[in-house]
Structures are given as structure tokens and as C-alpha cells.
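Please open the structure in your viewer and keep the sequence beside it. At each stop you will be told what to select, and then what is there.

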Amino acid sequence: MEKSKNSLVNGCSLQGIRPIMVDLPYPPIKVKETNLQYADLLMVDYCGSVSELSAILQYINNENRMPGEYCALIRTILGIAMAEMMHLQKLGELIYLLGGNVCFETKQPKSMWSPACLTLPDSIPQMLQADLEAEKAAIRQYRAHIKDIRDDCVNVVLKRIIQDEEYHIMILQSLISYE
């Protein structure tokens with residue numbers, strides 16, 4: 001049976017790919033009360049220079065530029081990107097519940113997203129290293145935001161996201177050492 005063009009990228013089937021994340025449920029998405037300052041902090045995680053938006057776009061761009069003979073790697077990178085999409089969705093819910101405006105702007109000018117936020121090297125080892133560094137930066141930022149946010153409902157979700165990011169680091173480190 002012939003495969004449809006929609007299921008192949010560079011000769012690699014993308015059917016059946018699932019988000020790559022820790023096998024633990026996410027806590028309920030709720031907040032103690034509305035708080036625009038917390039929403040503004042989460043907007044940086046949502047769409048700032050170090051953000052889930054940046055992670056998604058960097059992973060998708062990287063996997064699209066990999067040759068088809070790296071099918072297993074392409075599928076892994078896409079699975080990680082799918083987990084980042086779930087993080088973006090969870091953050092959007094929290095921002096909304098906190099009373100914020102879910103959009104693609106932050107109130108912190110130094111954190112505004114642009115394509116310059118992405119690191120898009122040409123070689124696969126450099127791509128993996130850039131992805132690894134982006135995951136580490138995200139964790140540092142989440143931990144800083146947890147210190148500033150005094151809402152246990154929000155922080156438990158951020159801590160759960162960090163677990164996925166740490167898992168991604170482990171995967172990326174193993175891929176780098178394999179390369």
C-alpha cells in the first residue's frame with residue numbers, strides 16, 4: 001500500500017508520533033485568584049525569547065531540515081516539540097485564569113519574541129546542542145518564576161513542566177553522545 005505524501009517528511013513517516021514527556025499526569029489547571037503580575041510572568045514563558053513558542057519553532061525547524069535517513073531522530077525531535085505544544089497550552093490556560101490576555105506579546109520588552117530568539121545551526125550535532133541549551137534556559141527561567149509566584153496551584157504546574165524539560169535534556173544528551 002502506498003503511503004500518502006502527507007505522512008512523509010523527507011521519506012520519514014510521521015504517523016503515530018506522540019508527545020515525549022514524563023509519564024505522569026499534569027496537575028489540575030487552576031489558580032488561587034486572578035493576578036496580572038503572575039500572568040505577565042507566564043507570558044514570558046509562553047512567548048518570550050526563552051519560551052515554549054521558541055522551543056516549538058526551533059524543534060520543528062530543526063526536524064524539517066534533517067535528511068530522511070535520520071528518521072528516528074526526526075521522530076524524536078517532533079515528539080519533543082509536541083510536548084512543548086502541550087506546555088504552551090497549559091501556560092495559556094493559566095494565563096487566562098490569572099486574568100491575563102493570552103496573546104503573543106509580553107510586557108517585558110527584553111523578552112519579546114522574534115526569529116532572532118531561535119538558534120538554527122546547520123549541522124545535526126549543533127542543532128541538538130542548541131536544543132539542549134534552550135531546555136536548560138527554560139528550566140532556569142521556570143525556577144526563577146516559581147520563586148516569584150506565590151500561588152501553589154500555578155507552581156505545581158510549572159514544576160510538572162520542568163519534569164518534562166529535564167526529561168528532554170536527558171534525551172538530548174543521549175542523542176549528542178550517540179552522534
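**A tour by selection**

Begin by selecting D122, which counts as exposed at 69% relative accessibility; keep in mind throughout that the model in front of you is a predicted one. Now add R65 to the selection, and you will find that the side chains of R65 and D122 meet in a salt bridge, with 3.7 Å from N to O. This pair links distant parts of the chain, since R65 sits in the loop between α2 and α3 while D122 sits in the loop between α3 and α4 (124-148), 57 residues apart. Unlike its exposed partner D122, R65 is partly exposed, with a relative accessible area of 32%.

Next, select residues 52-64, which form helix α2, a stretch of 13 residues. From its first C-alpha to its last, helix α2 reaches 18 Å, close to the 18 Å expected at 1.5 Å a residue. If you colour the buried residues of α2, among them you will find L53, A55, I56, Y59 and N62. Then add S51, which caps the N-terminal end of α2, with a side-chain oxygen that lies 3.4 Å from the backbone nitrogen of L53.

How many salt bridges does the structure hold? There are four, and the one between R65 and D122 has already been visited. For another, select K32 and D152, whose side chains meet at 3.9 Å, N to O. Here too distant parts of the chain are linked, with K32 in the loop between β2 (12-13) and α1 (36-47) and D152 in helix α5 (residues 152-178), 120 residues apart. K32 counts as exposed at 53% relative accessibility, and D152 also counts as exposed, at 55%.

Stay with helix α5 and select E166 together with R143, whose side chains meet in a salt bridge of 2.8 Å, N to O. Because E166 lies in helix α5 and R143 in helix α4, the pair ties together parts that are 23 residues apart in sequence. Both partners can be checked on a surface view: E166 is partly exposed, with a relative accessible area of 36%, and R143 is partly exposed as well, at 44%.

For the last stop, keep the surface view and select Y96, L97 and V102, which together make a nonpolar surface patch of about 290 Å². Within this patch, Y96 belongs to helix α3 (residues 71-97). Is Y96 buried or exposed? Its relative accessible area is 61%, so Y96 is exposed.

Key:
Residues are numbered from 1 along each chain as its sequence is written. This is a predicted model: local features need pLDDT of at least 70, side-chain atom pairs count only at pLDDT 80 or more; totals for chains, interfaces and linings use all residues. Side-chain values use heavy atoms; hydrogens and water are left out. Helices (H or I, at least four residues) and strands (E, at least two) are DSSP runs, numbered from the N terminus. The expected span of a helix is 1.5 Å times one less than its number of residues. Buried means under 20% relative accessible area, exposed over 50%, partly exposed in between (1.4 Å probe, protein chains only). A polar contact is a pair of N or O atoms within 3.5 Å; within protein, one must be able to donate a hydrogen and the other to accept it, and residues adjacent in sequence count only if both atoms are side-chain atoms. Patches are made of residues with over 30% relative accessible area and no salt bridge: like charges are joined within 9 Å, nonpolar side chains (Val, Leu, Ile, Met, Phe, Trp, Tyr) within 5 Å. Accessible areas come from the Shrake-Rupley method with a 1.4 Å probe; for residues, only the protein chains shown count as cover.
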